[in-house]
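Biologist: Hello! I am new to this one, so could you walk me through it step by step?

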Amino acid sequence: MRRVDWTSRAGGPLRGGIVVPGDKSVSHRALMFGAIAEGVTHIRGFLEGEDTRATAAILGQLGVRFETPSAGERVVHGVGLHGLRGSVEVLDCGNAGTGMRLLAGLLAGQAFDSTLVGDESLSRRPMRRVTDPLASMGASIDTTDGKPPLRIHGGAALHGVTYHPPVASAQIKSALLLAGLYAEGFTEVVEPHPTRDYTESMLKAFGWPIDYSPGRARLEGGHVLRAVDVDVPADFSSAAFFVVAACIVPGSDVRLKAVGLNPRRTGLLAALRLMGADIVVENERRSGGEPIGDLVVRYAPLHGVELPLEVVPDMIDEFPALFVAAAVADGTTTIRGAAELRVKESDRIASMASGLKACGVSIEELPDGAIIRGGPIGGGHIDSHGDHRIAMSFAIAGLVASAPIAIGDCANVATSFPGFMELANGAGFHLVQA
Ligand SMILES: O=C(O)C1=C[C@@H](OP(=O)(O)O)[C@@H](O)[C@H](O)C1
Ligand SMILES: C=C(OP(=O)(O)O)C(=O)O
């Protein structure tokens, strides 16, 4: 992949209305459920990111036909629960953990063999968290020392299980529920902490009987999915970069429009409010079964906090941005209970710690978090480690740094947030490709 480096300089204040692209989690799932439904699913607000396009390409290889009437729209011609066809080629999930782990569940129940591969980052991420419980359902999947590629042997007779995942993970839960569609009997997942419930709510919308409440989901194999149109909300995790940017740049006043506000995603709002942020939710309504609303964010001085443990799973993708808020806050912020950050696209605790240190911030790594002492941020050269959320977090840091921040290896921003640089510069950033 072509190497892309950025430089972010002091900028702002941030002003105006901002519309971020569609939700990544919902876009992956809409493609998968649309693919195995009976009938035609029209997806609006689809994320045109590399991660979700990789999932669409894989489903295409498996015989699903898509139309793209315009950017952000997909028409999925469902092939039914048993209509996918095997591919002799490998199935490339790119950078997407969600794509690979959910597809592992979907493909475990097929009659044909499949091989899922990923890029360098995804090839380092742990997969036994899904392949072990899928094996307990009767699936046969070989990993490469617990990592991708995944070789999934078709023709396994799956049976339902009750599984208690050791970590709170919507990807683990979703992989099991997808396999459960093809299993004899009931599949139940009981989580240590509730995670995003898009798989459950979309299954229900597609007409599959499912019992669920926060932290628990149970379904039986052998029903039918019926196509239903999906409206994808704007991605809270993408909005989060502008939320934090407006919190830390004096004079900022922005409105992030029609953002998905699923309560299992919005922990960052609670964390920032504890730190003194001025964030108001307006125009709250429902769209496609999900709560959405506008986030109105005005600059307010932040102070350090001890982050409550219970908020951690509800903001798992927002930590890189929170580290930046903590770095400019007055006082010390302590983050614990977030060891999962070490197995994302990069080790996000290490990536943020080394980047913030390079900009003169005092940060101590903990095995499951960090202690960050707020203060002035200087310029520096940082490596994003090919991690989209690290790259965008240092773009925010540059807004308030005393000298430019050079950010290496930013191409993967396109996995989750195509058009970030243009949108950011339109809102008041000074971000250029170096
Ligand atoms: O289910 C999903 O769509 C996701 C779940 C989370 O991962 P985990 O399940 O590993 O926590 C999150 O980090 C990822 O960006 C998307
Ligand atoms: C962890 C993330 O995604 P995934 O697991 O799908 O790669 C993310 O987008 O921050």
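**A guided look**

Modeller: Happily, and let us begin at one residue: apart from neighbours within four places in sequence, Gln-433 is in contact with Val-4 and Trp-6. Please keep in mind that this is a predicted model.

Biologist: Is Gln-433 buried or exposed?

Modeller: Gln-433 is found in strand β23, residues 430–433. A residue counts as exposed if 12 or fewer other C-beta atoms lie within 10 Å of its own. Gln-433 has 9 C-beta neighbours inside 10 Å, so it counts as exposed.

Biologist: What distance separates the C-alpha atoms of Gln-433 and Leu-81?

Modeller: Along its principal axes, the C-alpha trace of the protein spans about 60 × 40 × 40 Å. Gln-433 and Leu-81 are 352 residues apart along the chain, and their C-alpha atoms are separated by 45 Å.

Biologist: What radius of gyration does the protein have?

Modeller: For 434 residues, a compact globule would have a radius of gyration near 22 Å. Buried residues make up 56% of the 434 residues. The protein agrees with the globule value, because its own radius of gyration is 21 Å.

Biologist: Among contacts between residues at least 6 apart in sequence, what percentage join residues at least 24 apart?

Modeller: The protein has 13 helices and 23 strands. Among its contacts between residues at least 6 apart in sequence, the share that joins residues at least 24 apart is 75%.

Biologist: How is the protein divided into domains, and which helix gives the most to the side of domain 1 that touches domain 2?

Modeller: Domain 1 takes in 6–22 + 233–433, while domain 2 covers 24–231. Their C-alpha centres lie 29 Å apart, and the contact takes 22 residues from domain 1 and 28 residues from domain 2. On the domain 1 side, three residues come from the helix that gives the most, α12 (residues 413–416).

Biologist: By class, what residues has that side of domain 1?

Modeller: We can sort the side of domain 1 that touches domain 2 into three classes. Its residues are seven nonpolar, five charged and ten polar.

Biologist: Where does ligand 1 lie with respect to domain 1 and domain 2?

Modeller: Around ligand 1 are residues including Ser-25, Thr-98, Arg-196, Asp-317 and Glu-340. Helix α5 (residues 170–180) gives the most to this shell, with three residues, and by class the shell has two nonpolar, five polar and three charged residues. Domain 1 and domain 2 both give residues to the shell, so ligand 1 lies between them.

Biologist: And where does ligand 2 lie with respect to domain 1 and domain 2?

Modeller: Among the residues surrounding ligand 2 are Thr-98, Asp-317, Lys-344, Arg-389 and Ser-416. The shell divides into one nonpolar, three polar and four charged residues. Both domains give residues to it, so ligand 2 lies between domain 1 and domain 2.

Biologist: Which residues of helix α4 are buried, and what is included in their cover?

Modeller: Helix α4 spans residues 128–136, and its buried residues are Val-130, Thr-131, Pro-133 and Leu-134. Just after α4, Gly-138 takes a positive phi of about 105°. The cover over those buried residues includes α3, β8, β9, β10 and α5.

Biologist: Which residues does UniProt list for "domain: Enolpyruvate transferase"?

Modeller: The name comes from an unreviewed UniProt entry. Over the listed stretch, the chain is 30% helix and 25% strand, with the end C-alpha atoms 16 Å apart. The entry lists residues 10–422.

Technical notes. Residues numbered from 1 in each chain as written. Chains lettered and ligands numbered in written order. Predicted model: local features only at pLDDT ≥ 70, side-chain atom pairs only at ≥ 80, totals over all residues. Near = placed C-beta within 6 Å. Helix = DSSP H or I, 4+ residues; strand = E, 2+ residues; numbered from the N terminus. Nonpolar A, V, L, I, M, F, W, Y, C, P; charged D, E, K, R; others polar. Domains from an automatic or database assignment. Rg over C-alpha atoms; globule rule 2.2 N^0.38 Å. Buried ≥ 20, exposed ≤ 12 C-beta atoms within 10 Å, placed from the backbone. Contact = placed C-beta atoms within 7 Å. UniProt positions renumbered as here; feature names shortened; annotations may be inferred.
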